[in-house]
Amino acid sequence: MNLTKRLLMSLALVLPATTAAQSISQSQIEQFKSMPRAQQEALASQYGVDLDSIAGSVSQQSQRPKNVNVVEPVDAISDEERERARQEQEDNEEQDRKNGGLKPYGYDLFVGSPTTFAPVTEIPIPNNYTLGPGDVLRVQLWGKENQQLELPVSRDGTVSFPQSGPQTVAGLTFDQARQQIKKRVSEQYIGVQASVSLGELRSMRVFVLGEARNAGSYTVSSLSTITNALYVSGGIKRTGSLRKVQHKRDGKLVGELDLYDLLLAGDTSDDNRLQPGDVIFIPPVGDRVGIDGEVYRPALYELKGGTNLQELVSLAGGLTPQAYPQLVRIERNNDDFLRIIAEANLTTSKGKQAAVKPGDSIEVASISDITGQYVEVKGAATRPGRYAWVPGMRVSSVIRSLDNDLLREADKRYAAIVRTDPATDTVSVINLRLRQALDNPGGENDILLQEKDQFLIFADEGKVSARSEDQNDNERNREGARRRNQERSANETGIQDEDDEDEDYSRFSREVLFAPVLQRLKAQAKPGAPQQTIRVTGPVRYPGEYPLPASGKVADAIYVAGGLKDSASLYTAELARFGIDDEGTGETKVQNLDLQAIMKGESSVTLKSRDRLLIKSIPEFAQAKTIELDGEVRYPGEYTIRDGETLREVLQRAGGLTDNAFPEGAIFTREKLRQLEAQRLREAEERLQSDLVGVQLEGDGFGGQNAERTQQVQDLLDEVQDSRPVGRMVINLASVVESDDYQPIRLQDGDTLTVPTIPQAVSVFGEVQFPTSHLHSEGLTVDDYLERSGGPTRQADEERVYVVKADGSVMLPEKSRWFGGRSQQLAPGDTIIVPIDVDRLNQLELWSNVSQIVYQMALGAAAVGNL
């Protein structure tokens, strides 16, 4: 009760003041809230305190300042900003290309867009931290009385201490304020001790100007430094200086930050803490020089004051073990604005002290470049690059393991060694049986290497294709899992891809790696030393142009091209050779080769310059031709057919027709006919579109008739576009099966035969009121079935009504003696077609042909679909 009285008394005394909420401890509030409502009202009434005011102050006391995001989330970035960032990236890449691939050093520090900026505040507060409005002091009292106080610094720079009035703390350091509060507690509270710490920190507004990525004013924590504010603004543009970041206050320069000190030495001594209203100004970038070659950090570096060559090398991380310090090339502009090249020696004091000038391009040479004592590995290797050469080195000295030294997609059977003759500076190619070389180190295939030899390790396209399929399957699985995760939770981002980017193995193909070699071989050709290239075509794994094998053997040329495919014919091959006749005129001779004897070593043919080797394919190798038998066949399915085999023979292999078969309605389709029908449909569509434009251009000058014609043409065009070719060929299947005199039907690949069951319907299509199928009834004629379909429409051409028999043949009732007129009775499976009256459409003759095409397609599709 005493505690409640003190609480209510303190509340009653300070509620009218603005600091009421600041003089009540959290523990007092919690005890008061735990009392019954009636007791709270009674006590409040006793001391004349409004209970709602207490509740309001309580909520105000318990409310915590909210973090303010001063940088928008990435997903809130506008399209305009994205486009600006993309354009900036393209400009940077273009600039990098102009600089030989060198990028300015240090700007990657600010790569990325933070979703929020929240400097670390849960750290020990420095004793020299200056307090100001918005900071919160946490005071814990213990001893005779236990309380936890949170005292915000008000706008007038004071904190309100319970029962003892305000105390000024603004402008004091945290250590000074802590000592004053401890002293005050010890003097006014007998037997009570105090511990003081900082709670919530104030925020302040600073300005980031100049070459900042997003210049402007920003709200930051009071503990923020220059680098914190730079992160808020998105960093420094490439046009801004990293070495002269200026810190200004009230228009005066307070300090200057060199970010190179931070990046290279971790020195933050100049990273000053900011105060409200401070300005961080980023001036334009200063002079730059580029350094490349055998240094650890090749890049463009910004100069600050006089810089010598040794200092620049130190900025670049120093020399690598492969560096040749005696030769440093310096490319610069002279006084006449001409580009000149100078050299320096870093092993001498003069070379170390050589002055570096703005715009210089410096390259530290490699030992291997100078001495030439190296071999180089290119292509599908795990560690491509240059390796030191020593006398007696062999292939197995560089490639020790096919599994560890080569990529999984590498061709482990064949590699090439490109060798340069130091005396003539010409290149030659040595073919290497790589697996045999490693299986027998020191053997015949483990070739001795010479200086500057180049290994070309090729990709095996079969392995690459297989891995691509696996990656596609994995990607589809990952995408499915990603969608399932997104359905479970909108906040989940899905499964992380295993590979950010698929490796492009096409750059390791024979065509790509051999391209510069072939160009060199062609360039060095001259009279007496012809071009040492050949071309291999046909069923080999990698047909193309290749260097002439040193052995000149056909078998070696085929081995270079990846070997023969199983479709290659061993009986014959063809060698075309370019030569010159006795009169000095170029001529081509063709020679047939016994490839089987050549591959066995029983025959030898020496290849020469520009020879073209053609490997022939086995005729119709593995070209399976099939026919699909469906419906009422004893054993339906897909049958492989032989050349010249007929439909009757295949039906006999399939057991013939069943008892329910209706051979008169069999549908026989052929792929070539389907392609022809598709072409006719395309032509009809193009002509109809042209006619439609013509009708529309005529206008509506005939009492609205053109509008009707336009709609009719549009409807017909829609029917053409919706039609699908079938490729049906009319046959008499009963005669095919039973009559020896019937013309044999020689089958083609892709043919299909569908035999329906015995039908019971007659169908009516076209311009009738209700197109449908009717149950066949003996004695009914064409007119009877038309009447049952509601009769013809206004657009029907009653004089051209025709009947399509079940076997696909067409009969005209008005002209056929077989029909005997429109009163002729119909058979099951027949289809009546009522065409459109094209004479009503002002002599557009094409439409009649088009309508026939459409109805034929529709009839075939309907017949197949009704089986």
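This passage describes the overall make-up of a predicted protein model, then two of its sheets and its aromatic pairs.

The structure is a predicted model. The mean pLDDT of the protein is 79. A pLDDT of 70 or more is reached by 75% of the residues. Residues 486–502 fall below 50 in pLDDT. Beyond near neighbours in sequence, this stretch has 16 contacts in the model. The pLDDT is also below 50 over residues 816–821. That stretch has 10 contacts in the model beyond near neighbours in sequence.

The protein has 867 residues, and 40% of them are buried. Its secondary structure comprises 23 helices and 35 strands. Among contacts with a separation of 6 or more, 63% join residues 24 or more positions apart. The exposed area of the protein is about 48,000 Å². Carbon and sulfur atoms supply 46% of that area.

One open sheet has 5 strands in the order β17-β16-β20-β18-β19. Its pairing is mixed. Strands β17 (385–388) and β19 (427–433) stand at the edges. Each has a single partner strand, so one side of each lacks a neighbour in the sheet. On average, neighbouring strands of this sheet are turned by 25° against each other, direction ignored. Strand β18 (residues 410–420) pairs with β19 in the antiparallel sense, over 7 bridges. Within these two strands, Tyr 414 stands opposite Arg 433 in β19. Helix α15 (residues 510–523) packs on this sheet. The helix touches β16 (374–379), β18, β19 and β20 (454–459). The direction of α15 makes about 140° with that of β20.

Another open sheet of 5 strands follows the order β12-β11-β15-β13-β14, again with mixed pairing. Here the edge strands are β12 (299–302) and β14 (339–344). Each of them has a single partner strand, so one side of each is left without a neighbour in the sheet. The average turn between neighbouring strands of this sheet is 25°, direction ignored. Strands β11 (residues 288–293) and β12 run antiparallel and are joined by 4 bridges. Ile 291 has Ala 299 in β12 as its bridge partner.

Aromatic rings form 7 pairs in the model. Tyr 105 and Tyr 260 make up an edge-to-face pair. Their ring centres are 5.5 Å apart, with 80° between the planes. Tyr 105 lies in the loop between α5 (79–98) and β1 (136–143), while Tyr 260 lies in helix α8 (residues 259–265). The pair therefore ties together parts that are 155 residues apart in sequence. Tyr 105 has a relative accessibility of 14%, so this residue counts as buried. Tyr 260 also counts as buried, at 2%.

Phe 514 and Tyr 546 form another pair. Their ring centres are 5.9 Å apart and their planes stand at 85°, so this pair is edge-to-face. Phe 514 belongs to helix α15, and Tyr 546 to strand β22 (residues 544–547). The two residues are 32 residues apart, and the pair links distant parts of the chain. Phe 514 has 1% relative accessibility and therefore counts as buried. Tyr 546 is buried too, with a relative accessible area of 4%. Both rings belong to a cluster linked by ring pairs, together with Tyr 414, Phe 458 and Tyr 559. Tyr 414 is the residue that stands opposite Arg 433 in β19.

Definitions and conventions
Residues are numbered from 1 along each chain as its sequence is written. This is a predicted model: local features need pLDDT of at least 70, side-chain atom pairs count only at pLDDT 80 or more; totals for chains, interfaces and linings use all residues. Side-chain values use heavy atoms; hydrogens and water are left out. pLDDT is the predictor's confidence in each residue, from 0 to 100. Contact means heavy atoms within 4.5 Å. Buried means under 20% relative accessible area, exposed over 50%, partly exposed in between (1.4 Å probe, protein chains only). Accessible areas come from the Shrake-Rupley method with a 1.4 Å probe; for residues, only the protein chains shown count as cover. Two strands pair if DSSP finds at least two bridges between them. Axes are lines fitted to C-alpha atoms, for helices over the stretch in contact, and angles run from 0 to 180 degrees between N-to-C directions. Rings of Phe, Tyr and Trp (its six-membered ring) pair if their centres lie within 6.5 Å; planes under 30 degrees apart count as stacked, over 60 as edge-to-face and the rest as tilted.
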